Amino acid sequence: MVQTLLFDDYEKPVESTANMPLAGRMRPKDLDGFAGQGHLIGEGRILRNMIEQDRITSMIFWGPPGVGKTTLANIVANRTKAVFVNYSAVTGGSKEVKEIMSAAEKRRQTGRRTVLFVDEIHRFNKAQQDAFLPYVEKGSIILIGATTENPSFEVNSALLSRCKVFVLEGLTADDIFGLLKRAVTGPEGFPDLKVNIGDDILRIIAEYANGDARTALNTLEAAVADCTVKDGSVTVTKKEIADCVSKRSLLYDKNGEEHYNIISALHKSMRNSDPDAAVYWLARMIDAGEDPLFISRRLIEFAGDDVGLADPTAQMMATSCYYACKNMGYPDCRYALAETVMYLALAPRSNSTAMAIDRALHDVRTRPADPVPLHIRNASTRLMKDLGYGKEYQYAEGTEEKITKMQCLPDALKDRRYYEPGNKGSEVYYKKRLDAIRDWREGKIPDPPR
């Protein structure tokens, strides 16, 4: 029996499942048929209690695609005594939002609640989200938003503070296997067709889906459609699955949070001297079609930030990798990227270069602009020479030692030390040399280093 929700100006009857894709037909109507998210809807868990007791407050469902955000909203629609309005941030317009809010305000004045479900709420800009705020505050609407993006970045902070955020996790392969099993054995999946498919093939689909139930069900449906029907039944083999699965569906949005999670994983794996993990995360980025120039720019940054002068070759490797990526592109540049990533992972560690420039920038930004000492100023005119520009300049190359005791920092900073070499790789040599230079300039040793 098809249930019809309470509706007036904007609410519509639930669509018949007859012509729905498999993912729509398998969408559960209650929590008992819901796959995964036990931390939220298990017995005694907060979201389950809120739904079963019809004590819904404004909330946001945040999670990757195909984990049940819209399904949970539909379950709320089936349980709540409020008017339920389903609205898409992709297809809806601002005029419709105003009309929905106006109708919700009229209901509030007569004691009726309105639950507004906004799919892909991150698609609204901040100004559009602001339109919800007064109605949420007054209680005219109970807002349920769904998003694949981090709401901390994509949802207005004032609106976010009035919503409970529930984090939905990617489904396990076992969760998806169970869902696929119900699809081929239950009445909702293929009501007029007997589907013969082995558990091993269902496992392949479950693994391929990478936590996305919708991807799994769509793959199964496509494979069944690719089979020849004989006597009301079909037999799905690995061949049909191979035809439907041209590439593993990896969670990676080049404009979203996972993009930054994976580049962070690459960076931290290299920092931890783990070339195996580093090359894996690199492969994830390559397989997802990440811009190789973006990857190589991050490698250049890493070479300066985490390796520095402990291994000066690292910076040359990274910049050469950028050149290779720019001139070759995929797939040829993958070798340059892999070689550089593994080299950086195994290089000695030092952040002394990064610390040196950060200390210097701090002084530059927090102190008055100290004047350049006269003796190292550019004396390009007669007037400048008369004013003392370049006077008493000491030309290091003209000395036997190729070094002088000339002060190059401003007077106010003459004792400041920005670069402090580490004790790894080439910096062992640089530290020894720099300590000798400083000791000689301070008169602690008689001869300068050679």
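This report describes the overall form of a predicted model of one protein chain and then turns to selected residues within it.

**The chain as a whole**

The chain contains 21 helices and seven strands. Its radius of gyration is 32 Å, whereas the globule rule gives 22 Å for 450 residues; the value is well over that figure, so the chain is more spread out than a compact globule. Measured out along the principal axes, the C-alpha trace spans about 95 × 60 × 45 Å.

Of the 450 residues, 42% count as buried. The accessible surface of the chain amounts to about 24600 Å², and carbon and sulfur atoms account for 52% of that area. As for contacts between residues at least 6 apart in sequence, 71% of them join residues at least 24 apart. The charged side chains number 61 positive and 62 negative, and the centres of these two sets lie 4 Å apart.

**Gly66 and Ala23**

Gly66 lies in the loop that runs between strand E1 (59–62) and helix H4 (69–79). With a relative accessibility of 9%, Gly66 counts as buried, because the cut-off for that class is under 20%. When neighbours within four places in sequence are left aside, Gly66 is in contact with Leu171, Gly211, Asp212, Ala213 and Arg214.

Ala23 belongs to helix H1, which covers residues 22–25. Ala23 is also buried, at a relative accessible area of 17%. Beyond its neighbours within four places in sequence, Ala23 is in contact with Arg214, Leu217 and Asn218. Arg214 therefore appears among the contacts of Gly66 and of Ala23 alike, given that contact means heavy atoms within 4.5 Å.

Two C-alpha separations help to place Gly66 in the chain. Ala23 and Gly66 are 43 residues apart along the chain, and their C-alpha atoms are separated by 9.5 Å. Gly66 and Lys138 are 72 residues apart in sequence and 33 Å apart in space, C-alpha to C-alpha.

**Cysteines**

A disulfide is a covalent bond between the sulfur atoms of two cysteines. In this model the count of disulfides comes to zero. Cys325 is in no disulfide: the nearest cysteine sulfur, that of Cys333, is 3.9 Å away, and the cut-off for a disulfide is within 2.5 Å. Cys325 counts as buried at 4% relative accessibility, and Cys163 is buried with a relative accessible area of 10%.

**Two residues with positive phi**

Most residues other than glycine have a negative phi. Glu120 and Glu392 are set out below as residues with a positive value.

| Residue | Phi | Loop between | Relative accessible area |
|---|---|---|---|
| Glu120 | near 55° | strand E3 (114–119) and helix H6 (126–130) | 26% |
| Glu392 | near 65° | helix H20 (382–386) and helix H21 (427–441) | 65% |

Glu120 counts as partly exposed, whereas Glu392 is exposed, because the cut-off for that class is over 50%. Each is placed in a loop: that of Glu120 joins a strand to a helix, and that of Glu392 lies between two helices.

Technical notes. Residues numbered from 1 in each chain as written. Predicted model: local features only at pLDDT ≥ 70, side-chain atom pairs only at ≥ 80, totals over all residues. Heavy atoms only, no water. Helix = DSSP H or I, 4+ residues; strand = E, 2+ residues; numbered from the N terminus. Rg over C-alpha atoms; globule rule 2.2 N^0.38 Å. Buried < 20%, exposed > 50% of the residue type's maximum accessible area, 1.4 Å probe, protein only. Areas by Shrake-Rupley, 256 points an atom, 1.4 Å probe, with all protein chains shown as cover. Lys, Arg positive; Asp, Glu negative; His and termini not counted. Charge placed at Lys NZ, Arg CZ, Asp CG, Glu CD.
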